[in-house]
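Subject: Structure for you to look at

Hello,

Here is the structure I promised to pass on. Please open it and keep it in view while you read my notes.

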Amino acid sequence: MRAIEICRSPLFIIGAPGSGRIAVARSLARHSALALSTEPDIVAHLGGFGSLDPAFPNTASPDPNWPRNHTIDRIEFLQFLGDSVGALIATRVNGKRWIDTPPDCLKVDILADAFRDGLFLLILRDGRTAVSAAFRGENEAENSLDGAVGRPTEIQSAWKACRRSIRTVTDALAHDPHVRLTEFRSECWRWARNVTSAMAFVAGRPRRCRTVRYEELIADPDGGFRGIFRFFGLPVDAEPIHSFRLYRDSSHQALGASSPTTARQPLAVWKEWTVQQQQVFLEVAGETLLRYGFVTEHDILRLQRDAAG
């Protein structure tokens, strides 16, 4: 009979859309002890179970009394599901710990319940640059790279070409104040909602979560990744750091920034926006930006003056 292996401590890289979590996850996957899960969205499969109300069970099931009759509660049920999914993924990653990147932070509590020893890395990025990245399609550009992270030739060609083509279209649209303002508002709302949800999640599970500011990781990949390795209990491996540097350098070159550490600074992004976009961002996400320390009260007043035209 085949022995079943289960990874008891998978790693989840979480963050709002546009936060840079995909680049971080794919760089980490270059570590000799890690592998990126090929499952695109584990939480989507568990979501139907995780959304059950505390009363449990799901009254839509053929026999809604079965879990109650067998004294099975929601957490126990999710943990068995998590073990099953973990065992299946383990057959594809050659005994390594696996990494998953949930598409948002709204249901990560399901993952925490299903994978009771799983660890979570929150990539937190300033709302101005995160919204800009998501709105301009930079998330899609990240996803299009697939396994290219860590391979210089592919990064230099595929990344630049993808970013240029996306920017050509979005730049043309951005000059019309009436185009895509609804989509922009939606991205602002997604960022604020995801950050609020993620911060509450992290606060409730401090031993299982670590928060990393994306801007700090860009400025110091070596120090940032060494801290991540310590939290995950991993030996230092230079390859993820090297891979992230390649991603950082190629992306800043594609955007025409003078250096990696100055690429897409929040204030520079803010000044690129129209007054309408600035007003929408402050209305929808300004409170979140202030609450979690991305700006000071003085900064907010200055942004409000800018948005007033």
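How many cavities of 30 Å³ or more does the structure hold? The count is three. Keep in mind that this is a predicted model.

**Cavities**

Start with the largest cavity. Its volume is about 60 Å³. The residues that line the largest cavity are I6, C7, R8, P10, G82, D83, A114, F115, R116 and D117. Sorted by class, five of these lining residues are nonpolar, one is polar and four are charged.

**Aromatic pairs**

Next, the rings. The whole structure has 17 aromatic pairs. One of them joins F12 and W98. Their ring centres are 5.7 Å apart, with 90° between the planes, an edge-to-face pair. F12 sits in strand β1 (residues 11-14) and W98 in strand β3 (residues 97-100), so this pair ties together parts 86 residues apart in sequence. Are these two rings buried or exposed? F12 is buried, at 0% relative accessibility. W98 is buried too, at 0%.

W98 also pairs with F115. Here the centres are 5.5 Å apart and the planes stand at 80°, so this pair is edge-to-face. F115 lies in the loop between α5 (108-114) and β4 (119-124), 17 residues from W98 in strand β3. F115 is buried, with 4% relative accessibility. You have met F115 already: this residue helps line the largest cavity.

Now find the ring cluster. Ring pairs link F135, F184, W191, W270, W273, F281 and F294.

**Salt bridges**

Last, the charges. Side chains of opposite charge can pair when their charged atoms come close. There are 10 salt bridges here. Let me show you three, with the closest approach of N to O for the R190 and E187 bridge at 2.9 Å.

- R190 and E187: both are in helix α9 (residues 181-204), three residues apart, so about one helical turn separates them. R190 is partly exposed at 31% relative accessibility, whereas E187 is buried at 14%.
- R248 and D249: their salt bridge spans 3.0 Å, N to O. R248 is buried at 11%. D249 is partly exposed at 23%. The cut-off for buried is under 20%, so these two residues fall on opposite sides of it.
- R302 and D299: N to O is 3.6 Å in this salt bridge. Both residues lie in helix α15 (residues 297-307), three residues apart, about one turn. R302 is partly exposed, at 34%.

Best wishes

Conventions. Residues are numbered from 1 along each chain as its sequence is written. This is a predicted model: local features need pLDDT of at least 70, side-chain atom pairs count only at pLDDT 80 or more; totals for chains, interfaces and linings use all residues. Side-chain values use heavy atoms; hydrogens and water are left out. A salt bridge is a side-chain nitrogen of Lys or Arg within 4 Å of a carboxyl oxygen of Asp or Glu. Helices (H or I, at least four residues) and strands (E, at least two) are DSSP runs, numbered from the N terminus. Buried means under 20% relative accessible area, exposed over 50%, partly exposed in between (1.4 Å probe, protein chains only). On a 1 Å grid over the protein atoms alone, a cavity is a set of points where a 1.4 Å probe fits but cannot get out, and a pocket is an open set with protein on both sides within 12 Å along at least five of seven lines; lining residues have an atom within 4 Å of a point. Grid points are joined across faces, edges and corners, and a volume is the space filled by probe spheres set on the points. Ala, Val, Leu, Ile, Met, Phe, Trp, Tyr, Cys and Pro count as nonpolar, Asp, Glu, Lys and Arg as charged, and the others, Gly among them, as polar. Rings of Phe, Tyr and Trp (its six-membered ring) pair if their centres lie within 6.5 Å; planes under 30 degrees apart count as stacked, over 60 as edge-to-face and the rest as tilted.
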